[in-house]
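Please take a moment to look over the sequence and the three-dimensional model before reading on.

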Amino acid sequence: MPVNLQIDLGGLTMKNPVTVASGTFGYGAEYADYFDVSQLGAVTVKSLSLEPRSGNVPPRIVETPSGMLNAIGLQNVGMETYLREKLPFLREKKCVIIANIYGSGPEAYASLASRLEAEGGADAIEANLSCPNVHDAQNARGGSLVAQHPDQVALYTQAIREATKLPVFIKLSPNVTDIVEPALAAQEAGADAVSLINTLIGMAIDSETRKPRISNIVGGLSGPAIRPVALKMVWDVSRALHIPVLGMGGIATADDAVQFLLAGARAVAIGCASFRNPDAALKVVQGIENYCQQHGISDVNELVGAVKL
Ligand SMILES: Cc1cc2nc3c(=O)[nH]c(=O)nc-3n(C[C@H](O)[C@H](O)[C@H](O)COP(=O)(O)O)c2cc1C
């Protein structure tokens, strides 16, 4: 039985509902030895800033039970190098590109978005308002994340919205009391979709040396450990919003991905699971199709929000 896997994510057409999570898939070419990355619904690139960033000093990652902590600190090549050296591969492969952006202040996000649109550098923009590992810009109020303040989320979203006609996705943080509030703020300010979740802030200490295991002291927790939290947040947000949700957080298999679709996500992103299995995202695409075939579902969109209560 043929299955329609195509979905519309806030104006972005994806041939299947699977992308990768920013920061876990480089700029796409890094995984080209493992599979044809154009088979994904979209490739989401590492957060891009206007200038290159070297990130935090090592150690920046540590394995934790069923997950990992990272404090990379948004190391990236910067806009110019992305456009010159990374984009041609993605365009040549005809990948759908979600460009994740990070900047200091709404104006920086706006200029990243308009530059990407002008240079054909993205098919959609995902604004990272939720990185826990930087100390400079995203300190809307004394070191906290923009995504922790609905009024700031609205301000940033509006600036990006005015700067581009590309679909705009706002990436939210789980490090809040109620993620629905910033999600609603993003929707009201003109976002086309919301992406969730970014990492949960955590910490690990080496009891022998008594030192934190990462130089940044704290980092972002990802992997299967956070999956139930992410699933619940996707469920909450998708019921409260009319714009679609891009769900992520600990997804490693097609079964995990189907759970996110059933909870209300229109599409899913595979994050650090790609570190263990470089072709994890492709396997999820194939597994979702198999699931649909086995369950007599002709259109993957039928799964979205179809959890039986
Ligand atoms: C090493 C690493 C780097 C990351 N870098 C970024 C980033 O640059 N921008 C961003 O929006 N999210 C970043 N994230 C967060 C992921 O995109 C994703 O939201 C999070 O890891 C949860 O998904 P997962 O549990 O499937 O990995 C990063 C995560 C990891 C593990």
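The paragraphs below turn to a sheet and then to the ligand.

This is a predicted model, in which local features need pLDDT of at least 70 and side-chain atom pairs count only at pLDDT 80 or more, while totals for chains, interfaces and linings use all residues. Residues are numbered from 1 along each chain as its sequence is written, and side-chain values use heavy atoms, with hydrogens and water left out.

In the order β5-β6-β14-β11, four strands (DSSP runs of E with at least two residues, numbered from the N terminus) make up an open sheet with antiparallel pairing, where two strands pair if DSSP finds at least two bridges between them. Because β5 (61–64) and β11 (200–203) each have a single partner strand, they stand at the edges, and one side of each is left without a neighbour in the sheet. β5 is joined by four bridges to the antiparallel strand β6 (residues 67–70), and Glu 63 has Met 68 of β6 as its bridge partner.

The ligand is surrounded by 24 residues (each with a heavy atom within 4 Å of it), and the closest are Ser 22, Ser 47, Lys 171, Gly 223 and Gly 250. A backbone N or O atom of Gly 250 is 2.7 Å from an oxygen atom of the ligand, a polar backbone atom of Cys 272 lies 2.8 Å from a ligand oxygen atom, and for a backbone N or O atom of Ile 197 the distance to an oxygen atom of the ligand is 3.0 Å. Of the 600 Å² of accessible area (Shrake-Rupley method, 1.4 Å probe) that the ligand has on its own, the protein covers 97%.

Technical notes. Polar contact = N/O pair within 3.5 Å; in protein donor to acceptor, adjacent residues only side chain to side chain.
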